[in-house]
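Visitor: I'm new to this one, so please pick a part and take me through it slowly.

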Amino acid sequence: MGILGHLDAYGTDDPDFNEGHPEDRCPVCGAPVAGHVGGELPDSRIKWQHRRHAVLAIPLDNL
Ligand SMILES: [Zn+2]
């Protein structure tokens, strides 16, 4: 998996991400889950919003 794949996957194993409701919001970036990579309504703006949040959050996880 490349770096962008890692960013796309970050947070998607959080139970809040996988509740399966169309109105679910991502715990990482706050955008609708359906708009994420692999979601029902992929949206490139949401994809990049998630990547920006993930790239900032990942180093904090490792403090
Ligand atoms: Zn997100």
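By class, how many nonpolar, polar and charged residues are in the lining of the largest pocket?

Guide: That lining has five nonpolar, seven polar (Gly counts here) and three charged residues (Asp, Glu, Lys or Arg). Keep in mind that this is a predicted model, where local features need pLDDT of at least 70 and side-chain atom pairs 80 or more, while totals for linings use all residues. Numbering runs from 1 along each chain, and side-chain values use heavy atoms, without hydrogens or water.

The largest pocket holds about 200 Å³ of space. It is lined by 15 residues (each with an atom within 4 Å of a pocket point), and Phe17, Val33, Ala34, Gly39 and Glu40 are the closest to its centre.

Now for the metal site. Cys26 and Cys29 each offer an SG atom to the zinc ion, His36 gives NE2 and His50 gives ND1, at 2.0 to 2.3 Å (a donor is N, O or S within 2.8 Å here). Along the chain, these donor residues follow the spacing C-x2-C-x6-H-x13-H. Both Cys26 and His36 sit in the loop between α1 (3-9) and α2 (44-61), so this pair ties together parts that are 10 residues apart in sequence. The donor angles run from 101 to 126°, which makes the arrangement tetrahedral (all angles between 85 and 135 degrees).

Let's stay with His36 for a moment. Its relative accessible area is 4%, so His36 is buried (under 20%), and Cys26 is buried too. The side chains of His36 and His50 also share a polar contact of 3.1 Å (N or O atoms within 3.5 Å, one able to donate a hydrogen and the other to accept it).

Notes
Donors = N, O, S within 2.8 Å, 3.2 Å for Na, K, Ca; no water. Tetrahedral: all angles 85-135°; square planar, octahedral: opposite > 155°, others 65-115°. Helix = DSSP H or I, 4+ residues; strand = E, 2+ residues; numbered from the N terminus. Buried < 20%, exposed > 50% of the residue type's maximum accessible area, 1.4 Å probe, protein only. 1 Å grid on protein atoms, 1.4 Å probe; cavity = no way out; pocket = protein on both sides within 12 Å on 5 of 7 lines; lining within 4 Å. Points joined across faces, edges and corners; volume = space filled by probe spheres on them.
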